[in-house]
Amino acid sequence: MEIDVVLRGWVLGRSIIFYEMRHRRGEDYGRDFDFEKGVTKHEVHHYEIGADGDTCHHLTVGFGFRKGLLRPMVVFARKVGTTIPNHWVGGVEVLADIINLLVSNVAMGYAGRLHDPTLYVDHADPPFANREYLHDEVRIMIDDFY
């Protein structure tokens, strides 16, 4: 098993660590990424997210490329444990902050190789509910975190 720490950050005062499960790269596990026409190459990465030492989240992320530029990014979010609420009812949206942290890191990593605009969309698996708003442009969002 090959696991790498790819990102560390803070969400709601808690330490968040993203572990890439490199041994699962390329496996889509039946997920339909529905990449736009024009995507000529894609990669699938898997991340496990830990908050203060407890696993709270799994992300399956598809990166679509055309002519060497990152175009769409499709994220499937799966809940693990009870750290992230099923419904967002106000205050800090922990799931959105975790995904924005990853998206911002991707934007930094692909600086100069992003299609204009590069968009991402998140598909949150049940029991997450009413998270259709989790889509935006892939951009550096460091100022949005605290």
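Colour the protein chain by secondary structure, and you will find 1 helix and 7 strands, where helices (H or I, at least four residues) and strands (E, at least two) are DSSP runs numbered from the N terminus. Following the chain from the N terminus on, you will meet these elements in the order β-β-β-β-β-α-β-β. This is a predicted model, in which local features need pLDDT of at least 70 and side-chain atom pairs count only at pLDDT 80 or more, while totals for chains, interfaces and linings use all residues. Residues are numbered from 1 along each chain as its sequence is written, and side-chain values use heavy atoms, with hydrogens and water left out.

Next, select residues 94-109, which form helix α1. Its 16 residues should span 22 Å at 1.5 Å a residue (the expected span being 1.5 Å times one less than the number of residues), and the end C-alpha atoms are 23 Å apart, which agrees. Because 13 of the 16 residues of α1 are buried, this helix is largely enclosed by the rest of the structure; buried means under 20% relative accessible area, with a 1.4 Å probe and protein chains only.

Now show the side chain of Glu93, which caps the N-terminal end of α1, with a side-chain oxygen 3.1 Å from the backbone nitrogen of Leu95.

Finally, select the whole protein chain, whose C-alpha atoms fill a box of roughly 40 × 35 × 25 Å along the principal axes. Of its 146 residues, 43% count as buried. Residues 24 or more positions apart account for 57% of the contacts with a separation of 6 or more, where contact means heavy atoms within 4.5 Å.

Technical notes:
Buried < 20%, exposed > 50% of the residue type's maximum accessible area, 1.4 Å probe, protein only. Polar contact = N/O pair within 3.5 Å; in protein donor to acceptor, adjacent residues only side chain to side chain.
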